Amino acid sequence: MGDGREVGEGFDRAAEEYDEVLLHNRQGAARLVAALPPGRYDEILDVGCGTGFVSEEMVSRFGTARVTGVDPSAGMLERFREKLTGLSAEATLIQAGVHEMPVPEGAFDAVVSGMAFHWFPDKPAAVEAMARRLRPGGVLGILAAGTGTDEEFRRVLEGIEPAVPQAWLEVFPLIHRSAGQLADYMEQAGLEVVDVWEERRVRRAVPEAYLARINAVASHLSADLDPAEAAAHGERVMQGVVDAAGPRGFEYAFVKLFGVGRRPA
Ligand SMILES: C[S@@+](CC[C@H](N)C(=O)[O-])C[C@H]1O[C@@H](n2cnc3c(N)ncnc32)[C@H](O)[C@@H]1O
């Protein structure tokens, strides 16, 4: 099973600009944490923690005392580490993917994961791995990109000649899931489904800003390409997005998929 290394290396390259380019993810983390049932969440595990958006929100809302953050990207963990002096919680940051994380089972009041689930290689197994780390009565909170996200961009990619790498088109169904699928994974992992929902937003962005986000989250898909070839594809993609944009920018859908589950007490 993949250990998240390739995706993690993509995020290493993006780590420096991540907090500026991915402001929407900070807002998503706040909404995920706001949706957790009231309770004591002293000890939490943040899977795919990146630069720490969800952990920061947990400390802010619940006064969480101890955070364990797991992520395969050394660069993202480094950015998180830089913030730790401002975080009023103890933190242990571990470089690992969800399927191999060396953290104890049955130990956490909450396991949270913000905008990382879509990159997990085996999604039912990932939910199971996170559920196992909960103490009885503990809560799992997941935020991910849902089915339908960036569909307009996929259509732009399909129309480009010469064709973009197949992996760029195949990634959409591989990563995105619906609310029904997430609920099934939680039930299969022995959790009570507290709430699962999708928020579909239509956004507009200037082509450069839109592609800056895509590059920040998906650069691993170009890692194996010859740099000149990657640059040529990049120029055609930019032109495709510019052509598809209207006077108010490139319009695209973003579906945020939320799931909250509880391990039976
Ligand atoms: C878009 S960032 C989200 C970071 C942060 N949770 C947030 O809300 O902003 C996705 C993160 O998932 C991590 N990731 C990718 N594959 C992973 C895996 N298999 N296991 C755990 N984390 C993974 C990446 O390294 C990256 O830091």
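This is a short selection-by-selection tour of a predicted model, starting with the sheet and ending at a few odd backbone spots.

**Stop 1: the sheet**

Switch to cartoon and colour the strands. You should be able to trace an open sheet of seven strands, running S3-S2-S1-S4-S5-S7-S6, with mixed pairing. Now look to the edges, where you'll find strand S3 (90-95) and strand S6 (192-205). Each has a single partner strand, so one side of each is left without a neighbour in the sheet. If you like to check twist, neighbouring strands here are turned by 15 degrees against each other on average, ignoring direction.

**Stop 2: strand S1 and its two partners**

Select residues 43-47, which is strand S1. Four of its five residues are buried, so the strand is largely enclosed by the rest of the structure.

Which strands flank S1 in the sheet order? They are S2 and S4. Take the S2 side to begin with: select residues 66-71, and you have a parallel pairing with S1 over five bridges. For a landmark, label Leu 45 and look across to its bridge partner in S2, Thr 68. To get from S1 to S2 the chain goes through H4, and this β-α-β crossover is right-handed.

Then turn to the S4 side. Select residues 108-114; S4 also pairs with S1 in the parallel sense, over three bridges. Two pairs are handy to label here: Ile 44 stands opposite Ala 110, and Asp 46 has Val 112 as its bridge partner.

**Stop 3: helix H4**

Stay with the crossover and select 53-62, helix H4. Is H4 mostly buried or exposed? Seven of its 10 residues are buried, so the helix is largely enclosed by the rest of the structure. To see them, show side chains for Phe 53, Val 54, Ser 55, Glu 56, Glu 57, Met 58 and Val 59. What do they pack against? The buried residues of H4 meet H3, S1, S2 and S4. Before moving on, step past the end of the helix to Gly 63, which has a positive phi near 65 degrees.

**Stop 4: around the ligand**

Now bring up the ligand and its surroundings. The shell holds 25 residues, and the closest are Gly 4, Gly 48, Gly 50, Gly 114 and Ala 116. Three elements give two or more residues to this shell: helix H1 (5-14), helix H3 (23-34) and the H4 you just visited (53-62). H1 gives the most, with three residues. Colour the shell by class and you get 16 nonpolar residues, eight polar ones and one charged.

**Stop 5: Met 115, just past S4**

Follow the chain out of S4 into the loop that leads to helix H6 (123-132), and stop at Met 115. What is unusual about its phi? Met 115 has a positive value of about 55 degrees although it isn't a glycine. With 24 other C-beta atoms within 10 Å, this residue is buried.

**Stop 6: Val 127 in helix H6**

Carry on into H6 and pick Val 127. Is Val 127 buried or exposed? It has 28 C-beta neighbours inside 10 Å, and 20 or more is the cut-off, so it counts as buried. Leaving aside residues up to four places away in sequence, Val 127 touches Tyr 185, Met 186 and Ala 189. Draw a C-alpha distance from Val 127 to Met 186: you should read 6.4 Å, for a pair 59 residues apart in sequence.

**Stop 7: Asp 184 in helix H9**

From there, go to Asp 184 in helix H9 (residues 179-188). It has 16 C-beta neighbours inside 10 Å, which makes it partly exposed. For a sense of scale, draw a line from Asp 184 to Leu 36: the two are 148 residues apart along the chain, and their C-alpha atoms are separated by 19 Å.

**Stop 8: either side of H7**

Two last backbone spots. Select Asp 150, in the loop between strand S5 (134-145) and H7. Asp 150 is another non-glycine with a positive phi, here about 60 degrees. It counts as buried, with 21 C-beta neighbours inside 10 Å.

Then cross helix H7 (151-158) into the loop before helix H8 (166-175), where Pro 162 sits. Show the backbone atoms: the peptide bond from Glu 161 to Pro 162 is cis, with omega near -10 degrees.

Methods:
Residues numbered from 1 in each chain as written. Predicted model: local features only at pLDDT ≥ 70, side-chain atom pairs only at ≥ 80, totals over all residues. Near = placed C-beta within 6 Å. Nonpolar A, V, L, I, M, F, W, Y, C, P; charged D, E, K, R; others polar. Buried ≥ 20, exposed ≤ 12 C-beta atoms within 10 Å, placed from the backbone. Pairing = 2+ DSSP bridges. Right-handed = clockwise from strand over helix to strand, strands pointing away. Contact = placed C-beta atoms within 7 Å. Axes fitted to C-alpha atoms, helices over the stretch in contact; angles between N-to-C directions.
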